[in-house]
Amino acid sequence: MNSNDAEKLLVIRNEILSDLSTPPVLSELAAIASMSETKLEQLFKQTFGDTIYNYYQKARMEEAAFVLKQARHSVSEVGYELGFSNLSHFSRLFEKQYGITPKKFS
C-alpha cells in the first residue's frame with residue numbers, strides 16, 4: 001500500500017468515527033477516498049483488521065460503553081444517541097460485544 005492510500009484510509013476512518021449515529025455508506029466513502037468500493041473494502045480490512053461496517057459497529061459499542069460508564073444517561077438515551085431505533089437490537093449488540101447487558105454495565 002502506498003502512502004497516499006494510507007492517508008486516504010485515515011480520512012475514511014475519521015469519517016466513520018465522526019458520526020456514530022449514522023451508518024457509513026460505502027459508495028460515499030469510496031468517493032471520498034477516490035477509489036473503487038472493492039479496493040476501499042480490501043485496503044480497509046487489511047489495515048484495520050475488520051470490515052468497514054464491523055469497525056463502525058464496534059466503535060458504536062465502545063462509545064456506548066464509555067457513555068454508560070459516565071452514568072449521566074439512561075440506556076435508552078445512549079441507544080438513541082448512537083442511532084439505534086430499536087433498543088432491543090442495541091442491547092443484543094452490546095451484550096454480544098461485552099457479555100453483559102447495557103443496563104447491568106451501567
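Buried, for a residue here, means under 20% relative accessible area, with exposed over 50% and partly exposed in between (1.4 Å probe, protein chains only). By that yardstick Asp50 is buried, at a relative accessible area of 12%, and 31% of the 106 residues of the protein count as buried. This is a predicted model, so local features need pLDDT of at least 70 and side-chain atom pairs count only at pLDDT 80 or more, while totals for chains, interfaces and linings use all residues. Residues are numbered from 1 along each chain as its sequence is written, and side-chain values use heavy atoms, with hydrogens and water left out.

**Overall layout**

- The protein has seven helices and zero strands; helices (H or I, at least four residues) and strands (E, at least two) are DSSP runs, numbered from the N terminus.
- Reading from the N terminus, the elements go α-α-α-α-α-α-α.
- The C-alpha trace spans about 45 × 20 × 20 Å along its principal axes.
- Take the contacts (heavy atoms within 4.5 Å) between residues at least 6 apart in sequence: 55% of them join residues at least 24 apart.

**α1 against α4**

- Helix α1 (residues 3-18) and helix α4 (residues 52-70) pack at about 45°, and their axes are 10 Å apart. Axes are lines fitted to C-alpha atoms, for helices over the stretch in contact, and angles run from 0 to 180 degrees between N-to-C directions.
- That angle makes α1 and α4 oblique to each other. Under 35 degrees counts as roughly parallel, over 145 as roughly antiparallel, 65 to 115 as roughly perpendicular, and the rest as oblique.
- The α1 and α4 crossing is right-handed, meaning that the near helix is turned clockwise from the far one by less than a right angle (anticlockwise would be left-handed).
- On the α1 side, Arg13, Ile16 and Leu17 make the contact; on the α4 side, Ile52, Tyr55, Tyr56 and Ala59 do.
- Sorted by class, this contact has six nonpolar, no polar and one charged residues. Nonpolar covers Ala, Val, Leu, Ile, Met, Phe, Trp, Tyr, Cys and Pro, charged covers Asp, Glu, Lys and Arg, and the others, Gly among them, are polar.

**α2 and its partners**

- The axes of α1 and α2 come within 9 Å and cross at roughly 140°, which makes α1 oblique to α2.
- The crossing of α1 and α2 is right-handed.
- Lys8, Val11, Ile12, Glu15 and Ile16 in α1 meet Leu29, Ile32 and Ala33 in α2. The class count for α1 with α2 is six nonpolar, no polar and two charged residues.
- α2 and α3 have axes that come within 9 Å and cross at roughly 85°, so these two helices are roughly perpendicular to each other.
- From α2, Leu26, Ser27, Leu29, Ala30 and Ala33 meet Glu37, Leu40 and Glu41 of α3. That contact breaks down into five nonpolar, one polar and two charged residues.

**Leu29**

- Leu29 sits in helix α2 (residues 26-33) and, at 4% relative accessibility, counts as buried.
- Setting aside neighbours within four places in sequence, Leu29 is in contact with Ile12, Glu15, Ile16, Pro24, Leu40 and Ile52.
- Leu29 and Met61 are 32 residues apart in sequence and 21 Å apart in space, C-alpha to C-alpha.

**Salt bridges and Asp5**

- Searching the whole structure turns up two salt bridges, each a side-chain nitrogen of Lys or Arg within 4 Å of a carboxyl oxygen of Asp or Glu.
- One joins the side chains of Asp5 and Lys39 at 3.3 Å, N to O. The pair links distant parts of the chain, 34 residues apart, with Asp5 in helix α1 and Lys39 in helix α3 (residues 37-48).
- Asp5 is buried, with a relative accessible area of 7%, whereas Lys39 is partly exposed at 35%.
- Beyond its neighbours within four places in sequence, Asp5 is in contact with Met35, Lys39 and Leu43.
- Asp5 and Leu40 lie 35 residues apart in sequence and 9.1 Å apart in space, C-alpha to C-alpha.
- Lys58 forms a salt bridge with Asp50, with the closest N and O atoms 2.7 Å apart. Lys58 counts as partly exposed, at 41% relative accessibility, while Asp50 is buried.
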